[in-house]
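This report describes the fold and selected side-chain contacts of one protein chain. The sequence and structure are shown first.

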Amino acid sequence: VQLVESGGGLVQPGGSLRLSCTTYGIMFRLYAMGWYRQAPGKQRELVASITSSGTTNYADSVKGRFTISRNDAKDTLYLQMNTLKPEDTAVYYCNANPPSRDSWGQGTPATVSS
């Protein structure tokens, strides 16, 4: 199993980023998936999840600003992040929900700063 995240970068407050996670070695369409993030000095947290049937859920801190989606034909998970805040600065990871301990990828860093 391999999960490859991309799309992070440096953005000013109020800006947007679109993260992608391409998966290999799993029957992606069967899995509930999630986007997680880990800020410096903090525990990794689940910020958005989507079931195999497309039901979504969000942490309160990102609700109304982030949108999770999936393309089962491409085995790819997305996270559209709008109205970004400095507190969104973190390394972002995708994984199943609940996560598989052995499947964490390298993550993609997102830095929100002026």
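The sections below cover the strands, the salt bridges, one buried position and one surface patch of this predicted model.

## The six-strand sheet

Six strands form an open sheet in the order β2-β10-β9-β4-β5-β6, and their pairing is mixed. The edges are β2 (9-11) and β6 (56-58), each of which pairs on one side only. Direction ignored, neighbouring strands of this sheet are turned against each other by 25° on average.

At the β2 edge, β2 and β10 are joined by three bridges in the parallel sense. Within this pair V11 stands opposite V112 of β10. Strands of a sheet pair through backbone hydrogen bonds, either parallel or antiparallel.

## Strand β4 and its two partners

Strand β4 is largely enclosed by the rest of the structure, because five of its six residues are buried. On one side, β4 runs antiparallel to β5 (residues 45-50), and five bridges join the two. R37 has E45 as its bridge partner in β5. The two strands make a hairpin with six residues between them, and G41 in the turn has a positive phi of about 75°.

β4 also pairs with β9, in the antiparallel sense and over six bridges. Here Y36 stands opposite Y93 of β9.

## Strand β1

Strand β1 (residues 2-6) pairs with β3. The two run antiparallel and are joined by five bridges. L3 of β1 has T23 as its bridge partner in β3.

In a regular strand the side chains alternate between the two faces of the sheet. The side chains of β1 follow this alternation: L3 and E5 point to one face and are buried, whereas Q2, V4 and S6 point to the other and are not buried.

## Salt bridges

The whole structure contains five salt bridges. One of them links R37 to E45, with the closest N and O atoms 2.8 Å apart. R37 and E45 are therefore joined in two ways, as bridge partners between β4 and β5 and through a salt bridge between them. The surroundings of the two residues differ in accessibility: R37 is buried at a relative accessible area of 6%, while E45 is partly exposed at 33%.

R37 also meets D88 in a salt bridge, at 2.9 Å from N to O. R37 belongs to strand β4 and D88 to the loop between β8 (76-81) and β9 (90-96), so this pair ties together parts that are 51 residues apart in sequence. Both residues of the pair are buried.

Another salt bridge joins the side chains of D72 and R70, at 2.8 Å from N to O. In this pair D72 is partly exposed, with a relative accessibility of 32%, and R70 is buried, with a relative accessible area of 15%. Salt bridges with shared partners connect R37, E45, R65 and D88 into one network.

## The surroundings of A110

What does A110 touch, leaving aside its neighbours within four places in sequence? The contacts are G9, L17, M81, D88, T89, A90 and Y92. Among them, D88 is also the salt-bridge partner of R37.

A110 lies in strand β10 (residues 108-112). With a relative accessible area of 2%, A110 counts as buried, because the limit for that class is under 20%. A distance gives its position relative to the β4-β5 turn: the C-alpha atoms of A110 and G41 are separated by 15 Å, and the two residues are 69 apart along the chain.

## A nonpolar surface patch

Which residues form a nonpolar patch on the surface? They are M27, L30 and Y31, which together have about 310 Å² of accessible area. Y31 sits in the loop between β3 (17-24) and β4 (33-38). Y31 is partly exposed, at 37% relative accessibility.

The loop that holds Y31 leads into β4, a strand with five of its six residues buried.

Methods:
Residues numbered from 1 in each chain as written. Predicted model: local features only at pLDDT ≥ 70, side-chain atom pairs only at ≥ 80, totals over all residues. Heavy atoms only, no water. Helix = DSSP H or I, 4+ residues; strand = E, 2+ residues; numbered from the N terminus. Buried < 20%, exposed > 50% of the residue type's maximum accessible area, 1.4 Å probe, protein only. Contact = heavy atoms within 4.5 Å. Patch = residues over 30% accessible without salt bridge, like charges linked within 9 Å, V, L, I, M, F, W, Y side chains within 5 Å. Areas by Shrake-Rupley, 256 points an atom, 1.4 Å probe, with all protein chains shown as cover. Salt bridge = Lys/Arg side-chain N within 4 Å of Asp/Glu carboxyl O. Pairing = 2+ DSSP bridges. Axes fitted to C-alpha atoms, helices over the stretch in contact; angles between N-to-C directions.
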